[in-house]
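Trainee: Could you take a close look at one part of this model with me? I'd like to start from a single residue, work outwards through its surroundings, and then see how that region fits into the whole.

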Amino acid sequence: MKIRTLIVDDEPPAREGIRLRLAGEGDIEIVGECGSARAAMAAIDEFAPDLLFLDVQMPGMSGIEMLQAIGEDRVPAVILVTAYEEHALEAFEVSVVDYILKPIDTDRFRTALDRARVRLQRVQAVQLSGQIRTLVETTEPAREHPPRTEASSAPKAAEYVSRFLASDGKIGRA
């Protein structure tokens, strides 16, 4: 899975530093860069990124104000990047994945990126589970099952999975 990533910072050298750190990450696709929170709001609508590297202090609107403005249901996974420690508590109140201080430490950056990957995998698993549940509910009519007398007569989980996953791993009848 490619992680669609948007970089938002009002300082071009800061955006470049993040871009260079992400360049060697095979699962990262940078879909855009923005120099302001307002431009980022439009880019989030346009590109639907999975991950957002976001500066806190920017002219016009802070990164945290932007997160509050767009609403929790539209916010991708967020790693805040800032030179100011005092925003940490406020950052976690808006459910960011991690918080990195400038100048960016490479090990700390990698840790934050790994946390984002784990968060995104969890989100994907929940979405997949919901899709499977919907598929099962819409493809099999509700019916009463006769009581089972033997444990061996119960369908095995692997049988259900093989019925609903295509050979390429996508949801659909095999």
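**A loop residue and its surroundings**

Mentor: Happy to. Leaving aside residues up to four places away in sequence, Glu 85 touches Tyr 99 and Leu 101. Keep in mind throughout that this is a predicted model. Glu 85 itself sits in the loop that runs between β4 and α4, the latter covering residues 88-93. Its relative accessibility is 59%, and the threshold for exposed is over 50%, so Glu 85 counts as exposed. There is also a backbone distance to look at here: Glu 85 and Lys 102 are 17 residues apart along the chain, and their C-alpha atoms are separated by 9.5 Å.

Now step back along the chain into the strand before that loop. Thr 82 belongs to β4, which spans residues 77-82. Its relative accessible area is 0%, and anything under 20% is classed as buried, so Thr 82 is buried. The side chain of this threonine reaches the backbone nitrogen of Tyr 84, at a distance of 3.3 Å. We therefore go from a buried Thr 82 to an exposed Glu 85.

The two partners of Glu 85 lead us to another strand. β5 covers residues 98-101, with Asp 98 among them, and Tyr 99 and Leu 101 fall in that range too. At 2% relative accessibility, Asp 98 is under the 20% limit and therefore counts as buried. Its side chain makes a polar contact of 2.4 Å with the side chain of Arg 108, a residue within the 106-139 span of α5. Phe 109 offers a backbone view of the region: the C-alpha atoms of Asp 98 and Phe 109 are 9.4 Å from each other, with their positions 11 residues apart along the chain.

Both β4 and α5 turn up again at the largest pocket, which may interest you as a computational chemist. Its volume is about 470 Å³. The lining holds 22 residues, and those closest to the pocket centre are Glu 72, Val 75, Pro 76, Ala 77 and Arg 119. α3 (63-70), β4 and α5 each supply at least two lining residues, and α5 gives the most, with five. As for chemistry, the lining divides into 11 nonpolar, five polar and six charged residues.

For another strand to set beside these, try Thr 5, which is placed in β1, residues 3-8. With a relative accessible area of 0%, this threonine is also buried. Its contacts, again not counting residues up to four places away in sequence, are Leu 22, Ile 28, Glu 29, Ile 30, Val 31, Gly 32, Pro 49, Leu 51 and Phe 53.

Finally, the whole chain. The protein has six helices and five strands, and read along the sequence they follow the pattern β-α-β-α-β-α-β-α-β-α-α. Of the 174 residues, 36% are buried. Taking contacts between residues at least 6 apart in sequence, 59% join residues at least 24 apart. The accessible surface is about 10,600 Å², and carbon and sulfur atoms account for 52% of that area.

Notes:
Residues numbered from 1 in each chain as written. Predicted model: local features only at pLDDT ≥ 70, side-chain atom pairs only at ≥ 80, totals over all residues. Heavy atoms only, no water. 1 Å grid on protein atoms, 1.4 Å probe; cavity = no way out; pocket = protein on both sides within 12 Å on 5 of 7 lines; lining within 4 Å. Points joined across faces, edges and corners; volume = space filled by probe spheres on them. Helix = DSSP H or I, 4+ residues; strand = E, 2+ residues; numbered from the N terminus. Nonpolar A, V, L, I, M, F, W, Y, C, P; charged D, E, K, R; others polar. Buried < 20%, exposed > 50% of the residue type's maximum accessible area, 1.4 Å probe, protein only. Polar contact = N/O pair within 3.5 Å; in protein donor to acceptor, adjacent residues only side chain to side chain. Contact = heavy atoms within 4.5 Å. Areas by Shrake-Rupley, 256 points an atom, 1.4 Å probe, with all protein chains shown as cover.
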